[in-house]
Amino acid sequence: MSELYQTDISAHVEWADAELARSGCYRRSAGARRVETAAGASVIAQVDSGDVQRAAKAGVLELSMLPRTGYRGTTTTDLLAANKLPIPARPNTAASSANGECVLRLSQKEYWLLASPADLGAAVMALPTTGAETPDHCYPLFCMDSHAWLMLTGEHLSNIMSKLSGVDMRESVFPVGSIAQTSIARINAIMVRQQINGLPVMSILCDTASSDYLWTALMDAVQEFEGGAVGLDVLR
């Protein structure tokens, strides 16, 4: 073996002995209460007793370990219909299922699915994940591997987004179900406005490698509105 690899320093580090699957922001959540998702990873359930108040104003969630998937192809709508999932009417719109999954239509033939907080992604995990399981001309996409999932919540959504993006995201212009494929804090992202149990939210899907940077930018942006990090429980 080359001397380059000889060292007395252990390869083990303390923060690496918990989960194999972690988000890019896991160092930001020490001490928070967690819950296991249907994928076997964990997501922050509660930061502290102030979660509900912060979420109503300007909450920031890290949901990258919640399951999500995607499909592309001419028969994708057949797969969605067979699984009783809604089909958004046109590209750059989204629709929610009765169970709480959010279906994003990103182009004529491409759809992404975000898990429902209620079942921690169980329904999404039950969907086909290989080409052998999907209809002909319907191909799985592995957006959970490529994209992180952050979320903003609360009454100040539009004001926060005006600090980070050039897209007008006032609710009168960008209502529930709207999607923007644009940039936020100078990185590319997919943003969709939703409402979950009466709480206005904005899901933000960005490149996984940029998630820690974006988390920092979002946390900075919500300080003006007495916001901060919150957990998944505010959505359930």
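In this predicted model, the second largest pocket is lined by Met 65, Pro 67, Arg 68, Thr 69, Val 124, Met 125, Thr 129, Leu 141, Phe 142, Met 144 and Asp 145. Three elements, β4 (68-72), α3 (122-125) and α4 (143-146), each give two or more residues to that lining. Sorted by class, the lining residues of this pocket come out as 7 nonpolar, 2 polar and 2 charged. As for the space itself, the volume of the second largest pocket is about 230 Å³.

Strand β4, already met at the pocket, also has a place in a sheet. This is an open sheet of 5 strands, and reading across it gives the order β5-β6-β7-β4-β8, with antiparallel pairing. At the edges sit β5 (93-96) and β8 (139-141), each of which pairs on one side only. Direction ignored, neighbouring strands of the sheet are turned against each other by 25 degrees on average.

Starting from the β5 edge, the strands can be followed one by one. Strand β5 is joined to β6 (residues 102-105) by 4 bridges, and the two run antiparallel. Within this pairing, Ala 95 has Val 103 of β6 as its bridge partner. The two strands make up a hairpin with 5 residues between them, and in the turn Gly 100 shows a positive phi of about 110 degrees. Next along comes β7 (residues 110-114), which runs antiparallel to β6 and is joined to it by 4 bridges. Here Val 103 turns up again, this time with Leu 113 of β7 as its bridge partner. The link from β6 to β7 is another hairpin, made through 4 residues.

What about the side chains of β6: which way do they point, and are they buried or exposed? Cys 102 and Leu 104 point one way from the strand, while Val 103 and Arg 105 point the other way. All four of these residues, Arg 105 included, are buried.

Some of these residues come back in the search for enclosed space. Over the whole structure, that search finds 1 cavity of 30 Å³ or more. The volume of the largest cavity is about 40 Å³. Around it are Gly 100, Glu 101, Cys 102, Leu 114, Ala 115, Pro 117, Trp 149, Met 151, Gln 194 and Ile 196. So the turn residue Gly 100 of the β5-β6 hairpin is part of the cavity lining, as is Cys 102. Two elements, β9 (147-153) and β11 (187-196), give two or more residues each to the lining of the largest cavity. By class, this lining holds 7 nonpolar, 2 polar and 1 charged residues.Elsewhere in the chain, Ala 32 lies in the segment before β1 (33-36). Is Ala 32 buried or exposed? Ala 32 counts as buried because its relative accessibility is 17%, and the cut-off for buried is under 20%. Setting aside residues up to four places away in sequence, Ala 32 touches Ile 44, Gln 46 and Val 47. Of these contacts, Gln 46 is 14 residues away from Ala 32 along the chain, and the C-alpha atoms of the two are separated by 6.1 Å.

How values were computed
Residues are numbered from 1 along each chain as its sequence is written. This is a predicted model: local features need pLDDT of at least 70, side-chain atom pairs count only at pLDDT 80 or more; totals for chains, interfaces and linings use all residues. Side-chain values use heavy atoms; hydrogens and water are left out. On a 1 Å grid over the protein atoms alone, a cavity is a set of points where a 1.4 Å probe fits but cannot get out, and a pocket is an open set with protein on both sides within 12 Å along at least five of seven lines; lining residues have an atom within 4 Å of a point. Grid points are joined across faces, edges and corners, and a volume is the space filled by probe spheres set on the points. Ala, Val, Leu, Ile, Met, Phe, Trp, Tyr, Cys and Pro count as nonpolar, Asp, Glu, Lys and Arg as charged, and the others, Gly among them, as polar. Buried means under 20% relative accessible area, exposed over 50%, partly exposed in between (1.4 Å probe, protein chains only). Contact means heavy atoms within 4.5 Å. Two strands pair if DSSP finds at least two bridges between them. Axes are lines fitted to C-alpha atoms, for helices over the stretch in contact, and angles run from 0 to 180 degrees between N-to-C directions.
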